[in-house]
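User: Please take a close look at the sheet in this model, and describe how its strands are arranged and what lies against them.

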Amino acid sequence: MHIILTGTGLVGAIALDAMLNDEAIDKITIVSRKPVPQAEGQAKVTVIVQKDLAVYSDEILEKLKGAHGCIWTAGPPLMAVTRQEYEYAHIELPVIAAKIFATLNDKFNFVYVSHDGCHDARAVWIFDVKARAEERLFQLHHDTSKRLTIKTKGGIEEEEALPSLVLYCIRPALIDYSQHEAIKPWLKPLPLAKKWTNGVILPLYRFLGLTSILGSSEELGQAMKDLVICDGQDVDVAGASPEGRCMGAVGMRNWTKERDDKMKDMTVYKQQEATAAA
Ligand SMILES: NC(=O)c1ccc[n+]([C@@H]2O[C@H](COP(=O)([O-])OP(=O)(O)OC[C@H]3O[C@@H](n4cnc5c(N)ncnc54)[C@H](OP(=O)(O)O)[C@@H]3O)[C@@H](O)[C@H]2O)c1
């Protein structure tokens, strides 16, 4: 199974680590603005370096054709760009890519990395951006009954659903990667705001057991990887969103506990069992 990955920061490193360790995935194509040291020497990974993640030449589309899905983690932190660039990168870019990637296969799983609580805290601009991104992406999801109620001020432009597009949103908040040794060599130096979050907020939440928005990087990697390889079913665990297409920290924790059973129904694992039995 061929999976596309964008973004090679913390969440991208977590996604790549999870996919490298799953035999169901035999090909990973990373579309990145820069070379990816974590991918070096990994036989199943190809890196396509290109500046603009919105533009795909025929030659590149040929290389991506047949992919089963994409984990979209690309998205700058607020302090790195202007507000306009931030909105473009978190909303327009994945919408453009989802439309293009939907042409690669009859069914294409697009796993967008959003943020926990983004619909409940829209007064905070960065959460509103993620909520708007989800509203836009949900319009493209093949099943129109799953569309989110539009709460964007002034509404959003209505778009046609894409019959091949299968959307999931993964919503981490505080990501605890303190025990995740495999990704540590590949992480870039943290900006000041992230150092504060990692050095003070995260240990405090961990100490106090405030786990509603705190999740481990291993759970996040597992959830992103399982959703991108699955057959597109709704997620049915406590803490998943009501329409069954999104998981935040609590949903991911429950998914990790129950996924062994739930993934048995997925075609990819049935095929593996059949091959092993033959
Ligand atoms: N980290 C968290 O705690 C956390 C929590 C909740 C949600 N999220 C969400 O998860 C996603 C990834 O976060 P992260 O922590 O992995 O971020 P990160 O470490 O800052 O990495 C960001 C990635 O996005 C790429 N990128 C930045 N601007 C881009 C642009 N204009 N076009 C294309 N690619 C661009 C970067 O590429 P270059 O290397 O080329 O710059 C990098 O690969 C974001 O959407 C974020 O909102 C993160």
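Analyst: Two strands are taken to pair if DSSP finds at least two bridges between them, and the elements themselves are DSSP runs numbered from the N terminus, with helices being H or I over at least four residues and strands being E over at least two. The model is predicted, so that local features need pLDDT of at least 70 and side-chain atom pairs count only at pLDDT 80 or more, while totals for chains, interfaces and linings use all residues. Residues are numbered from 1 along each chain as its sequence is written.

On these terms, strand 4 (residues 69–72) and strand 5 (residues 108–113) pair in the parallel sense over four bridges, and within that pairing C70 has F110 of strand 5 as its bridge partner. Helix 6 (residues 217–229) packs on the sheet, where it touches strand 1 (2–6), strand 4, strand 5, strand 6 (165–170) and strand 9; contact here requires that the C-beta atoms of two residues, placed from the backbone, lie within 7 Å. The direction of helix 6 makes about 155° with that of strand 5, where axes are lines fitted to C-alpha atoms, for helices over the stretch in contact, and angles run from 0 to 180 degrees between N-to-C directions.

The pair of strands 4 and 5 belongs to an open sheet of seven strands, in the order 3-2-1-4-5-6-9, with parallel pairing. Strand 3 (45–49) and strand 9 (246–247) stand at the edges with a single partner strand each, and therefore one side of each is left without a neighbour in the sheet. In general, strands of a sheet pair through backbone hydrogen bonds, either parallel or antiparallel.

As for the chain that holds this sheet, it has eight helices and nine strands. Its radius of gyration, taken over C-alpha atoms, is 18 Å, close to the 19 Å that the globule rule (2.2 Å times the number of residues to the power 0.38) gives for 278 residues, so the chain is as compact as a globular protein of that length. The C-alpha trace spans about 50 × 45 × 40 Å along its principal axes.
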